[in-house]
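Hi everyone, thanks for making the time this morning. I'd like to walk you through one model, going from the strands to the helices.

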Amino acid sequence: MRVYLKSGEIFEGIAEHDSAEYCFHEFGVDEDALQMENFVLYRRDIKKVESLEGRTGPWGPFSAPFGQLEEAVCDAGADLIDEVFTGEEDVHIVRLLRCLIVRLGSSDAKEIPDVEQLPKLLRDLPSFTENEEALEMAKQLLEKVES
């Protein structure tokens, strides 16, 4: 899905619908929401939602190799990176790795909180995914951060 927020942010990824009852029980907010990774996007904050089903391009159904969702994960730091790496969605792992490669490869990259934990997370990744693209990127990124 592509979710346009009223704030101007656009998140792309696999989203799950959370009912108002669920959100009230889990988060104390009595309102429907979409959840992408650990980001809860409440109905009141959403401007528009588009399905990405059936779309094709160089990045599959996505508009770019990574996006604002992955940037937000990097901005949050190692704990959220770990949650994506240990999650069930290989597409989110691959997009996050692409973002990490760009951010860590740039001299003017924004800082990633707790970046010193990244080598362990990358070494542990094969325990959570068999996706060849993700594992190859993780290997290259590990070599880079350990050098």
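Before I name any element: helices (H or I, at least four residues) and strands (E, at least two) are DSSP runs, numbered from the N terminus. Two strands pair if DSSP finds at least two bridges between them.

A word on where this comes from. This is a predicted model, so local features need pLDDT of at least 70 and side-chain atom pairs count only at pLDDT 80 or more, while totals for chains, interfaces and linings use all residues. Residues are numbered from 1 along each chain as its sequence is written, and side-chain values use heavy atoms, with hydrogens and water left out.

Let's begin with the sheet that holds the N-terminal strand. Three strands make an open sheet in the order E2-E1-E6, with antiparallel pairing. Strand E2 (10–12) and strand E6 (46–50) stand at the edges with a single partner strand each, so one side of each has no neighbour in the sheet. On average, neighbouring strands here are turned by 15° against each other, direction ignored; for angles like this one, axes are lines fitted to C-alpha atoms, for helices over the stretch in contact, and angles run from 0 to 180 degrees between N-to-C directions. Strand E1 (residues 2–5) pairs with E6 over four bridges, in the antiparallel sense. If you want one pair to click on, leucine 5 has isoleucine 46 as its bridge partner in E6.

Now the other sheet. It is also open, with three strands in the order E3-E4-E5 and antiparallel pairing. Its edge strands are strand E3 (16–18) and E5, each pairing on one side only. Here the average turn between neighbouring strands is 30°, direction ignored.

Please zoom in on E4 and E5. Strand E4 (residues 33–36) and strand E5 (residues 39–42) run antiparallel and are joined by four bridges. Alanine 33 has tyrosine 42 as its bridge partner in E5, and for leucine 34 the partner is leucine 41. The two strands form a hairpin with two residues between them.

So what is the phi of glutamate 37, in the turn of that hairpin? It is positive, about 50°. As background, most residues other than glycine have a negative phi. Is glutamate 37 buried or exposed? For the cut-offs, buried means under 20% relative accessible area, exposed over 50%, and partly exposed in between (1.4 Å probe, protein chains only). Glutamate 37 has 18% relative accessibility and therefore counts as buried.

Aspartate 114 also deserves a look: its phi is near 60°, a positive value in a residue other than glycine. You'll find aspartate 114 in the loop between H4 and H5, and at 36% relative accessibility it counts as partly exposed.

Back in the hairpin, glutamine 35 sits in strand E4 and is buried, with a relative accessible area of 18%. Contact here means heavy atoms within 4.5 Å. Leaving aside neighbours within four places in sequence, glutamine 35 is in contact with Ile14, Ala15, Glu16, Asp18, Tyr22, Phe27 and Val40.

Across in E5 we have leucine 41, buried with a relative accessible area of 6%. Not counting residues up to four places away in sequence, leucine 41 touches Val3, Leu5, Phe11, Ala33, Leu34 and Ile46.

On to the helices and the cores. A nonpolar core is a set of buried Ala, Val, Leu, Ile, Met, Phe, Trp, Tyr and Cys residues joined through side-chain atoms within 4.5 Å. The largest one has 24 residues, and those with the most contacts inside it are Ile81, Phe85, Ile93, Leu96, Leu97, Leu100 and Leu122. Helix H2 (68–76), helix H3 (78–85), helix H4 (90–104), helix H5 (118–124) and helix H6 (132–146) each supply at least two residues of this core. Which helix gives the largest share? That is H4, with six residues. A second, separate core has eight residues, including Leu5, Met36, Leu41 and Leu69.

Last stop, the packing of H4 and H6. Their axes are 10 Å apart, at an angle of about 25°. H4 and H6 are therefore roughly parallel to each other (angles under 35 degrees count as roughly parallel, over 145 as roughly antiparallel, 65 to 115 as roughly perpendicular and the rest as oblique). Among the residues that meet there are Ile93, Leu97 and Leu100 in H4, and Met137, Leu141 and Val145 in H6.

That's my tour, thanks for listening!
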